[in-house]
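I opened this entry to look up how the protein and the nucleic acid meet, and I kept notes strand by strand.

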Amino acid sequence: MESARLLDALNPAQRDAVTAPDGHYLVLAGAGSGKTRVLTHRIAFLTEVERVPPWGILAVTFTNKAAAEMRGRIETLLARAVRGMMVGTFHGIAHRLLRQHWREAGLPETFQILDADDQQRLVKRTIQGLGLDESRFPPRQATWYINAAKDEGRRPDACDPGYSPVDRAFVDIYRAYEEACRRGGLVDFAELLLRAHELFLTNAPLLEHYRARFRHVLVDEFQDTNTIQYAWVRLLAGDTARAFIVGDDDQSIYGWRGARVENMQRFLADFPGAVTLKLEQNYRSTGHILKAANAIIQRNGGRLGKSLWTDAGDGAPIELFAAHNAEEEARFVVERIRAVIAEGGARADCAILYRSNAQSRLFEEQLIQHDIPYRVYGGLRFFDRAEIKDALAYLRLVASRHDDAAFERAVNTPARGIGERTLDQVRRRARADQTSLWDAACAELAGDALAARAKSALRGFVDLIEALDAGTRDATLAIRFERAIERSGLKAYYEADSKGLAESRVENLDELINVASRFVLTQEDVDAGLTELTAFLAHAALEAGEAEGEAWEDCVQLMTLHSAKGLEFPQVFLVGLEEGLFPNARSVDEPGRLEEERRLAYVGITRARQRLTISWAEARRIHGQEQLCAPSRFLGELPPEVLIEVRPRAGVSRPAAFGRDATAWLAARGLGRGAPADEALPYRLGQQVRHGILGEGVVLAMEGAGAHLRVQVRFAEHGAKWLVAGYAKLEPV
DNA sequence: CGCCGCAGGCTTTTT
DNA sequence: GCCTGCGGCG
């Protein structure tokens, strides 16, 4: 593609970014401002116009989805496949580097990746191994501590626990856990990044090699980088490459897991002559929605500063609904969704966004009641399922006998008579000999500490793994999985499962074989020295697979605000805007955390393209306790002129006893009073009316007032529909 | 070994 | 209110 055509589709600000000359750039890209477009066009521009070879470009993202999309769009732009360009996630790229340079990184060639669940189990075992009390030192918190340290680049020796006995124990656990990982050849997610950083830090020739190779380093979602990711980019690109980073400090919502918004400011300080470019024109949302988003985010301090605008119109006002309780909120939202569908809208156009997963239930119940297909994001992903992880554990042992996490999982699943006592003996032996569980098991088989029965059970397991390895070494991946699932007894075990889950579990195992049969090794995998099995196992750990549910089916989308980042929907329902829930009670005391909640609100609002409906409930059950709720402070931060209050039933005033603050708040904005009970409403509930096209029906509900008055009518032939009274011209019958 | 019952926890989760 | 994980029992 020639450069003119490449730039045609861009606005001036985007074009400036795409064609920016020599130097470092921070592209401050507001929500819906065409960030991915800029990144992909920039890469195409570098390739086509500046003639940078593909292997001179490194493009880093956070999610596999983003990486895949970026690669796809670059290839579309260039109308050819790009070979040798490194496009991937931080973790994927770190993994690749470690595979290629495992010796320099101090890892065994067959190292395996621990996912979050594996890691937690191993930490737990480590705590037990140290003889520590799990209730005093909960594995969850210990894992948290370890990951936080790694995200900051700290090894155990660099941890300063101060005088806190708990923190001291955590450092001990961290140290022991590291040792367990070393024995088992195991690398957790944080470790991938830390090792990749250390690899460059301690290996000058290697660093020079990659510095010479990557002339351009592009990073997406820079506001989400943690300390170690920043350090890695700085080390690799700071002095020799041209860095092009894209991000939005206003959408930084992962501070709680180590992301550092400050990295954007640090970039400007650390990368000499770095220039900030802003993308502020929004192509997604209506003017009213952007006005609300801007008003909210303006309350935050220390922003790099930008303001979204659009040349599209204001659009519909943002609707605000105060429900008496959470059930009513759910009924209302689903009612509105039915109206959207009735008017010919797609279910998939509607998204319900909430602060915490527990909120999904009430909406699901309503959706089920009305037979509306829906999809909840963020459920168990394919490779996270127990039966899949069981099967993978066998193959992990085939690939690496020392993988203790896999050993623990597979050894007695399904039960084969290897009890806790036997296992404890093996674990003690492993600790004493500083070896893997596998080696310890083999040693125990040769010794005489175990009873004959235990020995024969353990022998059976060891022989099984050896047989799976030797017997299928030249077979296809699918056959290797099939054999493992069959011979381990997993298949029979899950077939016999009585809890009604049997069928789906067996189906999942079959699907695993399918996935394995479709898996193809890429050239990059081969270059990094990966075998088919190793590559597949890494793929399973790093790309946990799509969450449940068919994305292509037309269903209502339910997800947390965090999951919604990066997505957009024509109709967004932002629910549960209550103090304590959103902003979350745990975040309101610290200004920094409150600002992150506010950014979450900003993210939520900017997901909406055409219509945004915000709701809150005056009462809801939290942890089983009915609680009265005050409206979220974020509601008070919305500009009144873009809001319209929607009422459950026109003319019926809400009991004043609830929502004191809500009533006061709404009243102060002239929103709370709504229409007095019978202020010139043109229709009555239950009234018979006629519509020019839809025919005769009965008025079910009304909301809004004046020009915004909407009327819900159940038509004899077309069912219930919401109509704007001003347009619909309903005639009384 | 496996099932059942109860206690305790519970914000968000790209990899 | 709901899910997990542990401990006791058969």
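I first fixed my cut-off: a residue is near a strand if one of its heavy atoms lies within 4 Å of it. I also kept in mind throughout that this is a predicted model.

Strand C. I looked up what surrounds DNA strand C and noted Lys124, Arg361, Arg621, His623 and Gly624. Sorted by class, the surface near this strand holds three charged and two polar residues, with no nonpolar ones. I then asked which parts of DNA strand C lie within 4 Å of the protein, and found that 60% of those atoms belong to sugar or phosphate, while the rest belong to bases. For single contacts, I noted a polar side-chain atom of Arg621 at 3.5 Å from a sugar or linking oxygen of DNA strand C, and a polar backbone atom of His623 at 3.3 Å from a base oxygen of the strand.

Strand B. Around DNA strand B I found 26 residues, of which Arg257, Arg355, Thr560, Arg586 and Arg593 come nearest. By class, the surface near DNA strand B has 14 polar, six charged and six nonpolar residues. Of the atoms of DNA strand B within 4 Å of the protein, 51% are from sugar or phosphate and the rest are from bases.

Contacts of strand B. I looked up Arg586 again and noted that a polar atom of its side chain lies 2.8 Å from a phosphate oxygen of DNA strand B. The side chain of Arg381 likewise places an N or O atom 2.9 Å from a phosphate oxygen of DNA strand B, whereas Leu542 uses a backbone N or O atom, which lies 3.2 Å from a sugar or linking oxygen of the strand.

Technical notes:
Residues are numbered from 1 along each chain as its sequence is written. Chains are lettered from A and ligands numbered from 1 in the order in which they are written. This is a predicted model: local features need pLDDT of at least 70, side-chain atom pairs count only at pLDDT 80 or more; totals for chains, interfaces and linings use all residues. Side-chain values use heavy atoms; hydrogens and water are left out. A polar contact is a pair of N or O atoms within 3.5 Å; within protein, one must be able to donate a hydrogen and the other to accept it, and residues adjacent in sequence count only if both atoms are side-chain atoms. Ala, Val, Leu, Ile, Met, Phe, Trp, Tyr, Cys and Pro count as nonpolar, Asp, Glu, Lys and Arg as charged, and the others, Gly among them, as polar.
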